[in-house]
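User: Hi! I'd like to walk through this model one question at a time, with the reasoning spelled out. Could you take me through it?

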2 protein chains.
Amino acid sequence: MAENIYNQLCEHMKEIMLLGNTMGILGWDMRTYMPSEGTMQRAQQLALLSGITHDRLVSEKTANLLKKSGALDLTSLQKRNLELWQRDYEQETKLSVDLVKKLTMQRSITEKLWEKAKAKSDFKMVQAELEKLVELVKEQATALNPDKSMYDVLLDLYEKNITEAMISTYFSELKKGVMNLLEKTRNIELNPDILKIHVSVAKQKDLSKFIIKFLNMPTERSRLDETVHPFTTGYADDIRITTNYLEKEPMASFYSVFHEAGHGLYGLNLPKEHRWTAVGQSTSMGIHESQSRFVENIIGKNPVFLEYAIPKIKEIAPEFKKIGTEDFINAVNAITPSKIRIYADEVTYNLHVILRFEIERELFAGKISVGELPQIWNNKIEEYLGIEIKDDAEGVLQDVHWYGGLFGYFPDYALGNIYNGQMLYAMEKKIPDWNDQLSIGNAKNILNWLDIQVHKRGFLYDPADLVKEITGELPDAKYFVKYMNEKFGKIYKL
Amino acid sequence: MAENIYNQLCEHMKEIMLLGNTMGILGWDMRTYMPSEGTMQRAQQLALLSGITHDRLVSEKTANLLKKSGALDLTSLQKRNLELWQRDYEQETKLSVDLVKKLTMQRSITEKLWEKAKAKSDFKMVQAELEKLVELVKEQATALNPDKSMYDVLLDLYEKNITEAMISTYFSELKKGVMNLLEKTRNIELNPDILKIHVSVAKQKDLSKFIIKFLNMPTERSRLDETVHPFTTGYADDIRITTNYLEKEPMASFYSVFHEAGHGLYGLNLPKEHRWTAVGQSTSMGIHESQSRFVENIIGKNPVFLEYAIPKIKEIAPEFKKIGTEDFINAVNAITPSKIRIYADEVTYNLHVILRFEIERELFAGKISVGELPQIWNNKIEEYLGIEIKDDAEGVLQDVHWYGGLFGYFPDYALGNIYNGQMLYAMEKKIPDWNDQLSIGNAKNILNWLDIQVHKRGFLYDPADLVKEITGELPDAKYFVKYMNEKFGKIYKL
């Protein structure tokens with residue numbers, strides 16, 4: 001009887017997840033194969049399905065099943081599911097239908113206007129709508145939890161139980177480490193542009209196949225397609241990664257495939273026995289990013305891996321033959337401050353994220369206004385990277401996130417680095433010769449370690465607890481700083 | 001207020017259609033790109049969505065809106081929508097949940113077993129399950145309308161208001177025409193196999209592009225992909241056709257693209273002002289087939305079109321260069337009795353359908369039993385085509401339809417021919433020089449005529465009424481017989 005109620009809850013929540021999974025596939029289709037004119041009807045389909053999903057999640061049925069299950073004598077695993085579902089239910093019910101509608105509307109208005117503002121490089125065009133959106137996001141945060149700071153509420157949406165105070169500590173160490181390294185390498189020129197050569201899309205596709213095979217991704221459960229902005233979606237036995245082939249920048253797709261494959265492996269390896277329950281999900285956006293960046297940077301941009309891979313890359317795309325191995329490795333790993341986050345190298349990338357965090361924090365504390373964003377942005381880029389921003393398109397307008405109402409989301413990109421640096425040193429204790437293995441093209445043990453330590457744990461732990469479970473310590477940026485210093489110290493011969 | 005209720009009904013039915021459209025896309029994905037292991041979760045998604053769709057269609061809300069709208073003073077167009085929606089509602093409500101479940105289960109059991117039985121060419125393996133399925137389909141027919149013959153009820157599901165008696169009349173004339181033509185051409189050898197040459201998939205894809213361009217299909221609203229069994233799906237601004245490339249049979253994909261494009265054009269041209277209402281749908285499966293076969297056979301296999309197209313085909317695929325124009329045309333149009341329906345030529349194809357109709361009719365009249373199907377099948381093939389069937393796989397087991405519970409569906413394939421023959425002569429009155437136009441590669445006026453006469457009428461009329469509206473007469477097989485005699489009389493120099 002007790003089991004029965006809990007099983008009913010599982011069945012009910014599974015259906016909600018199946019609907020979410022369906023929307024994921026429809027979103028994938030929209031960004032890969034859908035004919036361009038299909039946009040309007042796809043938006044209507046997605047709106048209908050999210051309405052149905054919302055109705056099911058906030059239904060009396062959910063409330064009853066959660067309440068009755070709460071009175072049962074459950075295992076700790078069942079309790080974890082219940083806790084996570086309760087959280088989903090509360091997040092969905094605490095927002096009034098009116099607020100959700102206003103937010104949805106304002107998000108799409110602001111995002112549409114952002115496109116135009118970015119095209120004209122004029123922040124002022126979108127400022128008034130962004131102000132309205134920020135006010136609504138503040139309302140949202142207050143509705144979700146009036147007892148916590150608004151920014152903490154937002155952070156918690158994407159990274160459970162990670163607070164502004166924690167991130168401030170991590171980022172302060174990270175920033176120091178990055179600035180130090182930047183200082184030391186500033187006058188050493190490594191040229192990343194030698195890899196910007198023409199390679200046909202067909203050959204780039206073969207390079208992608210090489211990566212997929214190297215990472216041993218099961219093609220009967222996953223696929224790779226083309227899109228404009230690469231992403232990963234899917235669940236269980238149907239995981240889909242995407243990339244974008246630029247004929248004059250072959251390494252862009254090469255590393256985007258590595259990155260998305262890192263996300264993909266996480267999805268593929270989630271615990272089968274907990275499928276379609278809360279525990280059978282990934283932990284958080286930050287942990288997800290730790291996996292994609294581990295695979296992309298710690299594995300894919302590792303000089304020892306590249307020494308192994310470069311001859312194979314040259315075999316597939318002979319255009320690379322004129323580039324020497326060391327030049328190739330240096331070009332992949334060149335630290336070159338850029339205005340745009342998504343084009344940033346492994347090191348300066350963190351500063352792009354930190355500046356967004358610093359701005360968001362002040363914005364939601366009411367210390368700065370929306371109108372001040374462009375100037376503060378430009379000042380910080382100048383201060384951190386020594387680059388002068390001349391127009392908003394390459395400054396505050398570069399990323400869509402804020403204009404889509406995503407605040408508290410950016411920190412997760414750098415948290416991913418902090419987590420994976422720490423994981424790396426835990427792994428090194430178990431696999432001391434991981435670099436030797438990688439140098440002969442063997443990533444099996446490394447990937448298996450990530451699988452067991454991270455993927456197979458699903459959402460059993462909150463992100464900080466998961467890091468502690470794996471490494472014995474709560475998150476600490478010193479490991480990622482150590483990793484950067486070791487790696488780039490060698491490359492830059494410091 | 002009155003308008004208001006009717007608009008609510010429209011909005012409600014639009015959501016149901018959007019769900020159906022979503023399932024169409026998920027089905028397309030399943031048959032084109034989905035990783036193979038995704039089958040189980042896709043089945044669960046589709047079952048969930050069809051459950052939601054069913055619940056909405058049979059809901060109190062539907063009943064109320066239909067009832068209240070029925071009391072309104074509606075336009076004839078609104079009345080037509082109401083009538084069609086009422087029919088959908090009744091079909092869905094008259095079947096008990098228990099029966100629907102049993103049917104769904106029995107369908108999938110029988111279909112799965114059919115695969116094995118076909119592989120082993122042993123009808124007896126699937127006989128017992130097929131018997132159960134036939135009983136359930138009979139129950140279904142009785143539940144839908146106990147006052148009509150079971151077979152008429154089934155026919156009506158796919159071809160509204162077309163009865164067994166009507167089809168018997170049409171098919172009797174059609175059969176006579178086909179048998180006559182077959183008699184006259186029996187001893188004249190035309191060799192279809194000269195076109196079975198190796199052409200790479202890449203070149204076959206270019207041939208597909210040639211067809212898409214020739215038919216002027218808008219790529220911003222449609223697409224072409226690969227699958228195992230070609231089909232067409234989608235609605236409004238997102239229509240998807242599929243084909244299958246066989247390296248040693250290049251003309252198979254060539255004509256499957258023509259065929260599916262015929263379905264696709266119908267979908268693309270449906271009346272925009274009636275979108276997401278019942279009237280904004282296609283008329284029936286038979287009318288749909290009339291459009292695909294018109295485009296495939298009357299246009300695509302027309303000798304004058306081929307005279308225009310063959311040089312272009314040879315340019316794209318030089319492998320064809322060694323085949324002379326007349327041999328090419330004759331090979332495309334060779335009448336060669338075959339055991340398998342889907343490989344049949346334009347003429348004998350009809351006999352494959354007629355024999356299935358004759359068998360279904362007797363089966364649902366209780367005049368023959370499931371166990372007798374193989375023998376009756378083989379006797380009829382021998383009688384009509386002079387071919388001896390040696391095993392069930394190339395006889396009664398060749399098509400999946402019956403084993404998936406589709407009875408009353410086969411006749412529509414030949415009804416499509418009967419309709420399009422009749423449409424052709426109506427068109428000829430308006431475009432007397434259509435053959436001349438086609439001979440210079442101009443199908444614009446022909447396709448425009450189909451658009452205006454058929455596509456743009458959506459589901460304003462039942463199929464027989466639509467044929468009358470277009471041609472001035474109710475369906476009559478004599479036109480298709482005339483078309484066959486004229487076309488093949490020339491090719492076979494009779």
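User: Happy to start with A:Gly234: which element holds it, and is it buried, exposed or partly exposed?
Analyst: Good place to begin, and please keep in mind that this is a predicted model. A:Gly234 sits in strand 2 (residues 232-235) of chain A. Its relative accessible area is 28%, and since buried means under 20% and exposed over 50%, A:Gly234 is partly exposed.

User: What does A:Gly234 touch, not counting residues up to four places away in sequence, and how far in space is A:Asn21?
Analyst: With those sequence neighbours left out, A:Gly234 touches A:Asn21 and A:Ile239. A:Asn21 is 213 residues apart from A:Gly234 in sequence. From C-alpha to C-alpha, however, A:Gly234 and A:Asn21 are separated by 6.4 Å.

User: Where is A:His229, and is it buried or exposed?
Analyst: A:His229 belongs to the loop between strand 1 (222-226) and strand 2 of chain A. In space, its C-alpha is 6.9 Å from that of A:Asn244, 15 residues apart in sequence. The relative accessibility of A:His229 is 64%, and the cut-off for exposed is over 50%, so A:His229 counts as exposed.

User: And A:Ser59: where does it lie, and is it buried or exposed?
Analyst: A:Ser59 is found in the loop between helix 2 (39-57) and helix 3 (60-70) of chain A. It touches A:His12 and A:Tyr89, not counting residues up to four places away in sequence. Its C-alpha is also 9.2 Å from that of A:Thr93, 34 residues apart along the chain. At 18% relative accessibility, with under 20% as the limit, A:Ser59 counts as buried.

User: Let's turn to rings. How many aromatic pairs are there over all chains?
Analyst: A pair needs ring centres within 6.5 Å. By this rule, the count over all chains is 53 aromatic pairs.

User: What kind of pair do A:Phe305 and A:Tyr308 form?
Analyst: Their ring centres are 6.2 Å apart, with 45 degrees between the planes. Planes under 30 degrees apart would count as stacked and over 60 as edge-to-face, so the A:Phe305 and A:Tyr308 pair is tilted.

User: Which helix holds A:Phe305 and A:Tyr308, and are they buried or exposed?
Analyst: The two lie three residues apart, about one turn, in helix 12 (residues 303-316) of chain A. An α-helix has 3.6 residues a turn, so residues three or four places apart point the same way. As for burial, both A:Phe305 and A:Tyr308 are buried.

User: What kind of pair do B:Phe410 and B:Tyr413 form, and are they buried or exposed?
Analyst: The centres of B:Phe410 and B:Tyr413 are 6.1 Å apart and the planes differ by 45 degrees, which makes the pair tilted. B:Phe410 has a relative accessible area of 1%, and B:Tyr413 has 11%. With buried set at under 20%, B:Phe410 is buried, and B:Tyr413 is buried.

User: Which ring has B:Lys301 over its face, and which has B:Arg31?
Analyst: B:Lys301 is 5.0 Å from the ring centre of B:Tyr255, over its face. For B:Arg31, the distance to the ring centre is 5.8 Å, and the ring beneath is that of B:Phe231.

User: How many residues of helix 7 of chain B are buried, and which helices do they pack against?
Analyst: Helix 7 (residues 150-158) of chain B has seven of its nine residues buried, so it is largely enclosed by the rest of the structure. Among the buried residues are B:Tyr151, B:Asp152 and B:Tyr158. Their partners in chain B are helix 4 (76-93), helix 6 (124-144), helix 8 (164-185), helix 11 (285-299), helix 14 (349-364) and helix 16 (411-430).

User: What is phi of B:Ala236, and where does the residue lie?
Analyst: B:Ala236 lies in the loop between strand 2 (232-235) and strand 3 (238-243) of chain B. It is buried, with a relative accessible area of 4%. Most residues other than glycine have a negative phi. For B:Ala236, phi is positive, near 60 degrees.

User: Last one: how much space lies in the largest cavity, and what lines it?
Analyst: There are four cavities of 30 Å³ or more. The lining of the largest cavity divides into five nonpolar, two polar and two charged residues, including A:Arg221, A:Tyr235 and A:Arg275. The space in the largest cavity is about 40 Å³.

Conventions:
Residues numbered from 1 in each chain as written. Chains lettered and ligands numbered in written order. Predicted model: local features only at pLDDT ≥ 70, side-chain atom pairs only at ≥ 80, totals over all residues. Heavy atoms only, no water. Phe/Tyr/Trp six-rings, centres within 6.5 Å; stacked < 30°, edge-to-face > 60°. Helix = DSSP H or I, 4+ residues; strand = E, 2+ residues; numbered from the N terminus. Buried < 20%, exposed > 50% of the residue type's maximum accessible area, 1.4 Å probe, protein only. Lys NZ or Arg CZ within 6 Å of the ring centre and 35° of its normal. 1 Å grid on protein atoms, 1.4 Å probe; cavity = no way out; pocket = protein on both sides within 12 Å on 5 of 7 lines; lining within 4 Å. Points joined across faces, edges and corners; volume = space filled by probe spheres on them. Nonpolar A, V, L, I, M, F, W, Y, C, P; charged D, E, K, R; others polar. Contact = heavy atoms within 4.5 Å.
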